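Okay, thanks for squeezing me in. I'd like to walk you through a few charged side chains and a pocket, so let me get the picture up.

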Amino acid sequence: MCNNNIELYQRKSNTLEKMLTPREKRTVSFSDVHIHEHYFILGDNPSCSRGPPSTISWEYTSLTPVSVIDFESRKPPQARSKHDFKLSPRERLSILLRSGHTMGQIVQMAALVESTKKERLQSIKECSRPKFLSNATR
């Protein structure tokens, strides 16, 4: 019985290999890299731990296409870490003000985000409370 299973597996494996083997040589090539610069705008993400939340807009400006070779030659030798992309609250505030947002808009959004955080914490507390205690407190 065991030998039959091995033979069946080998036959299926060989059939799969034949199906996956390309009949003709296939290639992929790239020519240009199209870069879009997105606008930096006031966000509403309550996951922002400190300072005003920010995001990028759907609107963008297209830059002149660059060949893949030129693009790759200009890249830094090492990939950037996630910490290189993180902005401090002060940096976000500065960029948002330069982008045309008013301090009033930023403060209003920060208050909305804080309110959302409190609501979420309250929901977590209510969901984690045992059911018999939830009914007793009503």
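Let's start with E114, which counts as partly exposed because its relative accessibility is 39%. Keep in mind that this is a predicted model. E114 has a partner: its side chain meets that of K117 in a salt bridge, 3.3 Å from N to O. Both residues sit in helix α4, 3 residues apart, so about one turn of the helix.

How many salt bridges are there by this rule? The count comes to 2. Besides the α4 pair, E72 forms one with K75, and there the closest N and O atoms are 3.3 Å apart. E72 is partly exposed, with a relative accessible area of 42%. K75 also counts as partly exposed, at 41% relative accessibility.

In general, side chains of opposite charge can pair when their charged atoms come close. Now for an arginine without such a partner.

That's R92, over in helix α3, which covers residues 89–98. Is R92 buried or exposed? R92 is buried, yet has no salt bridge. The nearest side chain of opposite charge belongs to E91, and E91 is 7.1 Å away. A salt bridge needs the nitrogen within 4 Å of a carboxyl oxygen, so E91 doesn't qualify.

What does the side chain of R92 have, then? One of its polar atoms lies 2.2 Å from the backbone oxygen of R50. Leaving out residues up to four places away in sequence, R92 touches F40, C48, R50, G51, P52, S54 and L87.

R92 also brings us to the largest pocket, which holds about 390 Å³ of space. There are 15 residues lining that pocket, and the closest to its centre are S54, F85, K86, L87 and R92. Which elements give two or more residues to the lining? Those are β3, residues 54–62, and α3. Helix α3 gives the most, with 3 residues.

Last stop, H101, in the loop between α3 and α4, where α4 is 103–128. Why do I call H101 buried? Because its relative accessible area is 19%, and buried means under 20%. A polar atom of the H101 side chain lies 3.3 Å from the backbone nitrogen of L42. Again skipping residues up to four places away in sequence, H101 touches F40, I41, L42, L96 and I106. You'll have heard F40 before: F40 is also among the residues that R92 touches.

That's my tour, happy to go back to any part of the picture.

Key
Residues are numbered from 1 along each chain as its sequence is written. This is a predicted model: local features need pLDDT of at least 70, side-chain atom pairs count only at pLDDT 80 or more; totals for chains, interfaces and linings use all residues. Side-chain values use heavy atoms; hydrogens and water are left out. Helices (H or I, at least four residues) and strands (E, at least two) are DSSP runs, numbered from the N terminus. Buried means under 20% relative accessible area, exposed over 50%, partly exposed in between (1.4 Å probe, protein chains only). Lys and Arg count as positive and Asp and Glu as negative; His and the chain ends are not counted. A polar contact is a pair of N or O atoms within 3.5 Å; within protein, one must be able to donate a hydrogen and the other to accept it, and residues adjacent in sequence count only if both atoms are side-chain atoms. Contact means heavy atoms within 4.5 Å. On a 1 Å grid over the protein atoms alone, a cavity is a set of points where a 1.4 Å probe fits but cannot get out, and a pocket is an open set with protein on both sides within 12 Å along at least five of seven lines; lining residues have an atom within 4 Å of a point. Grid points are joined across faces, edges and corners, and a volume is the space filled by probe spheres set on the points.
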